[in-house]
Amino acid sequence: MKPIIFFHPCNDYTGSTRVLSNVIAEKYNGQEVFVVTERNKNEGFLSELHNVRIINIIYPKVNGKYIPLVSSLVWRLCAMFVTMIYGWRFKTFYINTLIPYYAALFGRLWGKTIIWHVHEKFVERPLSVRLIEYIFNTTPAHRIFVSQYVKEQYPRNSLCTEEVVYSRLSESFVKKVKIKAIEERDRNRITMLSSLTAAKGVDMFVKLAKAMPEFHFLLVASVDKECVEMFIADNEVPDNCTVLPAQSDIHPFLRNTDLILNLSNPSLSVETFGLTILEAMPYGIPAIVPDAGGPKELVENGVNGYRVDVRDLESLKHYVSLALEKENYERMAANVLSIYKEKFS
């Protein structure tokens, strides 16, 4: 019987996939690893690991878009079928995010050891979400939470062990970091890395770019080129705002970034950690983040960035300008490097 199998929603360039790829690279580099996931054109962080074998889940699309009801039903049935076919061969089920809840059902039925790596807390709770949370709350497992905030969102289960493990940057990532001297920075380049959803605040990012034409804004989205083109067409993106599709290597963009943003809208989705903020820290880049959720564990207000109401455009404009003032910026950039070395390196 093989030691471990991983379950993850989709092999892409999002934060949760990055975290899983880091776990595999650090702890399972010397063995063949199987991951049940949606392949996503074989593009994603998991595809970059030489020892990963992807067990594909079908998620049907038409013209690149999911089919209402049909796609989710087919995905669930396929995921359960694949788990039944392959899962019994492994001792441990490692479930990354709450979405692969089907693995917990079979893992519990077969008496497997379950490790559940929890990244999210849903704001909206339709029936499907309540079902997922019920399965999570009642399944004996070792729980790994990405932040103290996430841990506090779920009731304690006496049958579970749990810990908070902050995401760490992989050794290969850190080796590529080349810091631009703080005093040599232009202090006019603002970057956000996120998915193209309202919950991640991309609409506010575009509004901010329109309201501050003196700065250059860069949005690196975790979607393909076609989705980016549709977004640009639908949102009247200004000339001082560049939108790029998913990138396997974000270092060239971080090297030329002066300020990193996370604009996750807490009314729609509370950010549970903020991996993109962590990725910017070894570069000494201050951050502006929501005053809610996991980013508060990364950003000390006024020290290495600002926590703000990201739904308030005027507040955002004020703190962006304040963060990029020369003396204030240089102080916070130096603090970013100190905090990263102390807490996350």
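Let's start at Thr 97, which sits in the loop between strand 6 and helix 3. This is a predicted model, and this loop is a handy way into it. Thr 97 is buried, with a relative accessible area of 5%. Its backbone is worth a look too: Thr 97 has a positive phi of about 75° although it is not a glycine. Most residues other than glycine have a negative phi.

**Helix 3 and what surrounds it**

Follow the chain on from that loop and you get to helix 3, residues 101-109. Which of its residues are buried? In helix 3 these are Tyr 101, Tyr 102, Ala 103, Ala 104, Phe 106 and Gly 107. The cover over them includes strand 1 (2-10), strand 2 (33-38), strand 6 (90-96) and strand 7 (113-118), along with helix 2 and helix 4. Just past the end of helix 3, Gly 111 takes a positive phi of about 70°.

Now for the two helix partners. Two packed helices are described by the angle between their axes and the distance between the axes. On one side of the story is helix 2 (residues 70-86), whose axis comes within 10 Å of that of helix 3, crossing at roughly 35°. This crossing is right-handed. Helix 2 brings Trp 75, Arg 76, Ala 79, Met 80, Thr 83 and Met 84 to the contact, and helix 3 brings Tyr 101, Tyr 102, Ala 103 and Phe 106. Sorted by class, the residues where helix 2 meets helix 3 are 8 nonpolar, 1 polar and 1 charged.

The other partner is helix 4 (residues 127-138), and here the axes also come within 10 Å, with a crossing of roughly 40°. That makes helix 3 oblique to helix 4. The crossing of helix 3 and helix 4 is left-handed. From helix 3 come Tyr 101, Ala 104, Leu 105 and Arg 108, which meet Ile 132, Ile 135 and Thr 138 in helix 4. That contact has 5 nonpolar residues, 1 polar and 1 charged.

**Another helix pair**

Further along the chain, helix 7 (residues 202-211) packs against helix 11 (residues 313-323) at an angle of about 60°, and their axes are 10 Å apart. That makes helix 7 oblique to helix 11. The crossing of helix 7 with helix 11 is right-handed. Met 204, Lys 207, Leu 208 and Ala 211 of helix 7 make the contact with Leu 313, Leu 316, Lys 317 and Val 320 of helix 11. By class, the helix 7 and helix 11 contact has 6 nonpolar, no polar and 2 charged residues.

**The nonpolar cores**

Which residues have the most contacts inside the largest nonpolar core? They are Trp 116, Leu 254 and Leu 278, in a core of 58 residues. Helix 3 gives the largest share of this core, 5 residues. A second, separate core has 35 residues, among them Ala 209, Leu 259, Ala 323 and Met 332.

Back to Leu 278 for a moment: leaving aside neighbours within four places in sequence, Leu 278 is in contact with Ser 167, Arg 168, Leu 169, Phe 273, Leu 298, Tyr 340 and Phe 344.

**A few residues up close**

Here are some single residues and how accessible they are.

| Residue | Relative accessibility | Status |
|---|---|---|
| Asn 328 | 13% | buried |
| Asn 265 | 17% | buried |
| Val 243 | 8% | buried |
| Arg 187 | 24% | partly exposed |

Asn 328 lies in helix 12 (residues 326-343). Not counting residues up to four places away in sequence, Asn 328 touches Tyr 306, Leu 322 and Ala 323.

Asn 265 is in the loop between strand 13 (259-261) and helix 10 (275-280). With neighbours within four places in sequence left aside, Asn 265 is in contact with Ala 198, Ala 199, Val 270, Val 310 and Arg 311.

Val 243 belongs to strand 12 (residues 241-244). Beyond its neighbours within four places in sequence, Val 243 is in contact with Leu 219, Val 228, Phe 231, Ile 232 and Val 237. Val 243 and Lys 225 are 18 residues apart in sequence, and their C-alpha atoms are 9.6 Å apart in space.

Finally, Arg 187 is found in the loop between helix 6 (171-175) and strand 10 (189-194). Phi of Arg 187 is near 55°, a positive value in a residue other than glycine.

Key: Residues numbered from 1 in each chain as written. Predicted model: local features only at pLDDT ≥ 70, side-chain atom pairs only at ≥ 80, totals over all residues. Heavy atoms only, no water. Axes fitted to C-alpha atoms, helices over the stretch in contact; angles between N-to-C directions. Helix = DSSP H or I, 4+ residues; strand = E, 2+ residues; numbered from the N terminus. Parallel < 35°, antiparallel > 145°, perpendicular 65-115°, else oblique. Left-handed = near helix turned anticlockwise from the far one by under 90°. Contact = heavy atoms within 4.5 Å. Nonpolar A, V, L, I, M, F, W, Y, C, P; charged D, E, K, R; others polar. Buried < 20%, exposed > 50% of the residue type's maximum accessible area, 1.4 Å probe, protein only. Core = buried A, V, L, I, M, F, W, Y, C linked by side-chain atoms within 4.5 Å.
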